[in-house]
Amino acid sequence: MAKRRRLETPSSADLDRIEAQFRSETFERPALGRGIAPPIAQVAADSAALASAESVESRAARARADADAARLHDAQERGLLIVELPIEQIDEGAMIRDRMVMSEEDMQELRLSIAAHGLRLPIEVFEIDRPEGQGPRYGVLSGYRRLHAVRALHDLTQAEKHATIRALIRPRTEADEAFVAMVEENEVREELSHFERGRIAVIAANQGAFANTEDAVNKLFATGSKAKRSKVRSFALIFEELGDMLRFPEALTERRGLRLATALRNGAEARLRQSLSVRIPGDAEEEWALIEPVLQALESNRSELGRAGRPRSNAPRQGWSEAMTRRTAGGVEIRWGREGKAHILRLEGGQLDDDLMERVVREIQALLDG
């Protein structure tokens, strides 16, 4: 049977030796007291100080990165960021264009320039709605000719560099602002024809971008004179009533267009359509040869009516005499009569304003000058 070991109380010397050994194997910590943090708090403070000292540079770098990201996001939102877009993502037909004819000579020159020097000026696009699950699609705001040229180069060369095009993605905008931007670009770059101006005004109004054609003309050509807007309205009328019949409308000169618009306002649409249906003209002059006889007949009839007058009386007749009243579809009442030797026109109606009356006066002047 094993002997049990007898436990003895350690002596003072033994306790001093054990304590000394313990102190040599552990870190010395200050005694807790008022104003002295516990060990865990001290460890946390030491770690925070170390992290702070080590992360000043990294925090500055992170702040710069955040600022750069914010500026990039702002530039993207404002449409100031140039990106490379695949040409197949761009729908050139998303917006009806104001320009009807592009010169092949000018387009060839543009293609050669892009092939030699690249695209110097990015196009402008806007994101359009797309079915769920399909990739992004964009419509063209400006740069229609540049897009056509790059597409032609890609079709010809199949080069990867022509598979994309530099573009500014503009913010989504109201339709009227988009049409105004397009017209302004072409007005600055190259004058539109009279007919192209009238045509885009009608199309923009029909697509709901403006209240009506009058509103479209006033906003699309806001910087133009009243006389210019009056001419645009005349060519807009030609597009509305004969746009489907005319083969060379962009060749109409200002004088010819105003004569044609006057005839249309006087109810000559049916006769003009009948004359244009006789044969297909080969060029602009042949087409005008079909139109002019109708205009001459109408102008001759009105001239004969003006010269015929009525028999003179011995004494001037006062007030309205032999008055004739007509009412337009828009509700404007037109009265014609004589007061002595004078012929008087009186127009009444809510649609009349200074701009419209100026157009009426100009039409009358053009008729009398002709």
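# A walk through the predicted model

A search of the whole structure finds one aromatic pair. It is made by Phe195 and Phe239, which meet edge-to-face, at 5.9 Å centre to centre and with 70° between the planes. In general, a pair of aromatic rings is described by the distance of the centres and the angle of the planes. The angle of 70° earns this pair its label because planes over 60 degrees apart count as edge-to-face. The two rings link distant parts of the chain: Phe195 belongs to helix H6 (residues 194-206), Phe239 belongs to helix H8, and 44 residues separate them in sequence. Is each ring buried or exposed? Phe195 is buried, with a relative accessible area of 2%, whereas Phe239 is partly exposed, with a value of 21%. The cut-off for buried is under 20%, so Phe239 at 21% falls outside that class.

Before going further, please keep in mind that this is a predicted model. Let us step back for an overview. The protein has 370 residues, and buried ones make up 29% of them. There are twelve helices and eight strands. The accessible surface comes to about 24,700 Å², and carbon and sulfur atoms account for 52% of that area. Contacts can also be sorted by sequence separation: among those between residues at least 6 apart, 63% join residues at least 24 apart.

Now to the strands. Five of them form an open sheet in the order E1-E5-E3-E4-E2, with mixed pairing. The edges are strand E1 (82-86) and E2, each of which pairs on one side only. As general background, strands of a sheet pair through backbone hydrogen bonds, either parallel or antiparallel.

Strand E4 is a good place to see both kinds of pairing. With strand E3 (residues 123-128), E4 pairs in the antiparallel sense over five bridges. Within this pairing, Val125 has Val140 in E4 as its bridge partner, and Ile128 stands opposite Arg137 in E4. With strand E2 (residues 90-91), E4 pairs in the parallel sense over two bridges. Here Asp91 stands opposite Gly139 in E4. Why is E4 described as largely enclosed by the rest of the structure? Five of the six residues of this strand (residues 137-142) are buried, so the description fits.

The next stop is charge. In general, side chains of opposite charge can pair when their charged atoms come close. The count in this model comes to ten salt bridges, and three of them can be followed from helix to helix.

Start with Glu214 and Arg233, whose closest N and O atoms are 3.2 Å apart. Glu214 lies in helix H7 (residues 213-220) and Arg233 in helix H8 (residues 226-242), so this salt bridge ties together parts that are 19 residues apart in sequence. The partners sit in unlike surroundings: Glu214 is partly exposed at 29% relative accessible area, while Arg233 is buried at 5%. Both also take part in a network of salt bridges that includes Arg359.

From helix H8 the path leads on to helix H9. Lys231 forms a salt bridge with Glu254, and their closest N and O atoms are 2.9 Å apart. This pair joins Lys231 in H8 to Glu254 in H9 (residues 254-265), which are 23 residues apart. Lys231 is partly exposed at 26% relative accessibility, and Glu254 is partly exposed at 29%.

Helix H9 then connects to helix H11. Arg256 and Glu285 form a salt bridge with 3.3 Å between the closest N and O atoms. Arg256 is in H9 and Glu285 is in H11 (residues 284-308), so to speak two distant parts of the chain, 29 residues apart. Arg256 counts as partly exposed at 23% relative accessibility, and Glu285 is partly exposed at 49%. Exposed means over 50%, so Glu285 at 49% stays in the partly exposed class.

The tour ends on the surface. Which residues form a nonpolar patch there? Leu345, Ile364 and Leu368 do, with about 310 Å² of accessible area together. One of them, Leu368, is placed in helix H12 (residues 354-369). Leu368 is exposed, with a relative accessible area of 68%.

Technical notes:
Residues are numbered from 1 along each chain as its sequence is written. This is a predicted model: local features need pLDDT of at least 70, side-chain atom pairs count only at pLDDT 80 or more; totals for chains, interfaces and linings use all residues. Side-chain values use heavy atoms; hydrogens and water are left out. Patches are made of residues with over 30% relative accessible area and no salt bridge: like charges are joined within 9 Å, nonpolar side chains (Val, Leu, Ile, Met, Phe, Trp, Tyr) within 5 Å. Accessible areas come from the Shrake-Rupley method with a 1.4 Å probe; for residues, only the protein chains shown count as cover. A salt bridge is a side-chain nitrogen of Lys or Arg within 4 Å of a carboxyl oxygen of Asp or Glu. Helices (H or I, at least four residues) and strands (E, at least two) are DSSP runs, numbered from the N terminus. Buried means under 20% relative accessible area, exposed over 50%, partly exposed in between (1.4 Å probe, protein chains only). Two strands pair if DSSP finds at least two bridges between them. Rings of Phe, Tyr and Trp (its six-membered ring) pair if their centres lie within 6.5 Å; planes under 30 degrees apart count as stacked, over 60 as edge-to-face and the rest as tilted. Contact means heavy atoms within 4.5 Å.
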